[in-house]
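Biologist: I'd like a close look at the inside of this one, please: the packing, the holes in it, and any odd spots in the backbone. Take your time and walk me through it.

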Amino acid sequence: MVALLTACGAGGGSAADATSSSPAERTLTVFAAASLKGTFTRIGTEFEAANPGVRVTFSFAGSSDLATQIGEGAPADVFASADEKNMAKVTGQSLTVGDPVDFATNVLEIATPPGNPAGVRSFADLARPGLKVVVCAAQVPCGAATETVEKASGVTLVPVSEENSVTDVLGKVTAGEADAGLVYVTDVRGAGDAVTGVEFPESSRAVNTYPVVALKSASDESLATEFVTFVTGEQGRKVLRDAGFGAP
């Protein structure tokens, strides 16, 4: 009887030990610019693989909307903006852990439906009467870049709509609701055969720099900081390079 009880006790202890040794899942919430959706989804997967027990969740939207949400107390651990202006809104409220780190750059490119049926060849072509052009709203980084190019080139656009994120602009083009849209180089590359891209030299007048930072609202500040390091490290930079982003 003693031997039997001893054996049962030993077995029960092993099961408990096995359960207690399993790592508790930690969740990281990242607020990132819409133009980072493809790359950050991949970076998140690679970060999870390098950190067993960690799950990365994302909220992708226009940088201005994300900065506003963070300022209003939305639960987020990391913020990656498509420009420095919207990042400054967050740092100005002392909501970050340390200083933001620049990790990528991006420039505009014209996206048209496959085959470019409207024959758009230049930035100036976007001002042609009757051409349906879609751009980002001015408060969104891609919209601010569009305004910069307009001023630098002397070309004034009359868009049929202004969207709150670059992915919304791309969606209008791929849905056939626009003859052309101003998005980023990386968006054109990511869309593949769904669009035809038209590069234009004036895009160099509006280079967007992307910063990333851990937030004071992070539930796990060390994990948030680790993710920032991962994004800015070689593994993260490779994902960004492959997608067409430039170096900071």
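Modeller: First, a word on how the elements are named: helices (H or I, at least four residues) and strands (E, at least two) are DSSP runs, and their numbers start from the N terminus. Keep in mind too that this is a predicted model. Its mean pLDDT is 92, with 91% of residues at 70 or more. The part to leave aside is residues 1-22, where pLDDT stays under 50 and the model shows zero contacts beyond four places in sequence.

Now to the packing. The largest nonpolar core takes in 62 residues. Leu28, Leu36, Phe40, Phe103, Leu126 and Phe227 have the most contacts inside this core. As a general rule, in soluble globular proteins nonpolar side chains tend to be buried together. Helix H8, residues 221-232, gives this core its largest share, six residues. There is also a second, separate core of twelve residues, with Phe31, Leu66, Val213 and Leu215 among them.

Let's stay with helix H8 for a moment and pick out Leu223, which sits in that helix. Leu223 counts as buried because its relative accessibility is 0%, and the cut-off for buried is under 20%. Beyond its neighbours within four places in sequence, Leu223 touches Arg26, Leu28, Phe47 and Val54. Its C-alpha atom is 11 Å from that of Arg55, although the two positions lie 168 residues apart in chain numbering. Phe227 has its own list of contacts outside the four-place window: Leu28, Val30, Phe40, Ile43, Gly44, Phe47, Val56, Phe58 and Val78. Leu28 and Phe47 turn up for Leu223 and for Phe227 as well.

Next, the holes. There is one cavity of 30 Å³ or more, with about 50 Å³ of space in it. Thirteen residues line this cavity, and Ala34, Ser35, Gly62, Val140 and Val166 are nearest its centre. Nine of the lining residues are nonpolar, four are polar and none is charged.

The largest pocket has a volume of about 190 Å³. It is lined by 14 residues, with Ser35, Gly38, Thr186, Asp187 and Gly190 closest to its centre. Ser35 is thus named for the cavity and for the pocket. Helices H2 (37-50), H6 (166-174) and H7 (185-191) each give the pocket lining at least two residues, and H7 has the largest share, with five. By class, the pocket lining has five nonpolar, six polar and three charged residues.

Last, two backbone spots. Asn116, in the loop between strand S5 (108-112) and strand S6 (133-136), has phi near 50°, a positive value in a residue other than glycine. With a relative accessible area of 5%, Asn116 is buried. Ser94 also has a positive phi, near 55°, and is in the loop between helix H4 (84-91) and strand S4 (96-106). Ser94 counts as partly exposed because its relative accessibility is 47%, between the cut-offs of 20% and 50%.

Notes
Residues numbered from 1 in each chain as written. Predicted model: local features only at pLDDT ≥ 70, side-chain atom pairs only at ≥ 80, totals over all residues. Heavy atoms only, no water. 1 Å grid on protein atoms, 1.4 Å probe; cavity = no way out; pocket = protein on both sides within 12 Å on 5 of 7 lines; lining within 4 Å. Points joined across faces, edges and corners; volume = space filled by probe spheres on them. Nonpolar A, V, L, I, M, F, W, Y, C, P; charged D, E, K, R; others polar. pLDDT = per-residue confidence, 0-100. Contact = heavy atoms within 4.5 Å. Core = buried A, V, L, I, M, F, W, Y, C linked by side-chain atoms within 4.5 Å. Buried < 20%, exposed > 50% of the residue type's maximum accessible area, 1.4 Å probe, protein only.
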